[in-house]
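Biologist: Please take a close look at one position in this model. Start with how accessible it is, then place it among the parts of the fold that surround its segment.

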Amino acid sequence: MTVDSRGTQYLTEKLGVEIDAELLDLALTHRSFAYENGGLPHNERLEFLGDSVLGLSVTSMLYTRHPELEEGALAKRRASVVSTVALAEVARAIGLGDHIKLGRGEELTGGRDKDSILADAMEAVIGAAYLSAGAPVATEMVLRLVEPLFENPERYGAAMDPKTALQEIAARQGLTPPVYTVEASGPDHERRFIATVTVARWSRSGEGTSKKTAEMAAALDLWRDLSDRARV
């Protein structure tokens, strides 16, 4: 099965890069789909490549754009932009989740909006762009997609440490401190966690492969809500 032509066209327009159809299909194939369909190739090798392309692109840009920053500050900013939470945000902005090929289990449990799946697919697409169009084009695509994270320093800090960001915005708005609850499900080798965070009368949930990532996903969602509320 390959990505249909309308899906390919949509993603190509959003990405601004012509990606080989077979590579794009591979980039969008989650391992759950591959395993359920006879052990097909999946996107984890492309994810590995894309992670390196992403890291180098962001590192080079930060080094050039911020000559005033020391190594520690540069590393902190890079970490925020290449984090799972931040990459998932980029993936949502281009509607990537609608095109990922998932196994039935992931489909039924909301896999199209899981931060980990979205971030991994985003890295795989970056890897596919690198192989299809070369390093300069892939780098330009990466920097264009992550640019919104740099334009809003507060949001970009929240993507790196959403729990701290949520605690700070709750305090600024005179609200109760965040309270987290976490539930786990699945076998030990494939554990999933769902975290719910509550501040005053607002709450949001997030999912991840660890308690920490689930809490971070929930915290970022609620941080967005409280930030939007403050701007009204």
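Modeller: Leu 40 counts as partly exposed, because its relative accessibility is 35%, and the partly exposed class runs between the 20% and 50% cut-offs. The model is a predicted one. Leu 40 sits in the loop that connects H3 and H4. Leaving aside neighbours within four places in sequence, Leu 40 is in contact with Phe 33 and Ala 34. In the other direction along the chain, Met 61 is 21 residues away from Leu 40, and the two C-alpha atoms are separated by 36 Å.

The two helices on either side of this loop, H3 (31-36) and H4, each give two or more residues to the lining of the largest pocket, as do H7 (104-108), H8 and strand S2 (192-199). This pocket has a volume of about 650 Å³ and a lining of 27 residues. Nearest its centre are His 30, Arg 31, Glu 106, Glu 190 and Arg 192. By class, the lining comprises eleven charged, ten polar and six nonpolar residues.

S2 pairs with two strands. Seven bridges link S1 (residues 179-185) and S2 in the antiparallel sense, and S2 is also joined by seven bridges to S3 (residues 202-208), again antiparallel. Val 197 of S2 ties these pairings together: it is the bridge partner of Tyr 180, and it stands opposite Arg 204 in S3. The hairpin of S1 and S2 has six residues between the strands, with Gly 186 at a positive phi near 90°. The hairpin of S2 and S3 has two residues between its strands, and Ala 200 in that turn has a positive phi of about 55°. Val 199 has Trp 202 as its bridge partner in S3.

H4 (44-65), which follows the loop of Leu 40, also belongs to the elements giving two or more residues to the largest nonpolar core, together with H1 (5-15), H2 (21-27), H5 (71-81), H6 (84-93), H8 (115-133) and H9 (135-151). That core holds 43 residues, and those with the most contacts inside it are Leu 15, Ile 19, Leu 96, Met 122 and Val 125. H8 gives the most to this core, ten residues. As for Leu 96, its contacts beyond four places in sequence are Leu 11, Leu 28, Ala 91, Leu 118, Ala 121, Met 122 and Val 125. Another core lies apart from this one, with 17 residues that include Ala 165, Trp 202, Met 216 and Trp 223. In soluble globular proteins, nonpolar side chains tend to be buried together. A nonpolar core takes in buried residues and buried means under 20% relative accessible area, so Leu 40, at 35%, does not qualify for one.

One cavity of 30 Å³ or more is found in the whole structure, with a volume of about 40 Å³. Leu 54, Leu 87, Val 90, Met 122, Ile 126, Val 142, Leu 145 and Val 146 line it. H6, H8 and H9 each supply at least two of these residues, and H9 gives the most, with three. The lining has eight nonpolar residues, no polar and no charged, whereas that of the largest pocket includes ten polar and eleven charged residues.

Key: Residues numbered from 1 in each chain as written. Predicted model: local features only at pLDDT ≥ 70, side-chain atom pairs only at ≥ 80, totals over all residues. Heavy atoms only, no water. Core = buried A, V, L, I, M, F, W, Y, C linked by side-chain atoms within 4.5 Å. Buried < 20%, exposed > 50% of the residue type's maximum accessible area, 1.4 Å probe, protein only. Helix = DSSP H or I, 4+ residues; strand = E, 2+ residues; numbered from the N terminus. Contact = heavy atoms within 4.5 Å. 1 Å grid on protein atoms, 1.4 Å probe; cavity = no way out; pocket = protein on both sides within 12 Å on 5 of 7 lines; lining within 4 Å. Points joined across faces, edges and corners; volume = space filled by probe spheres on them. Nonpolar A, V, L, I, M, F, W, Y, C, P; charged D, E, K, R; others polar. Pairing = 2+ DSSP bridges.
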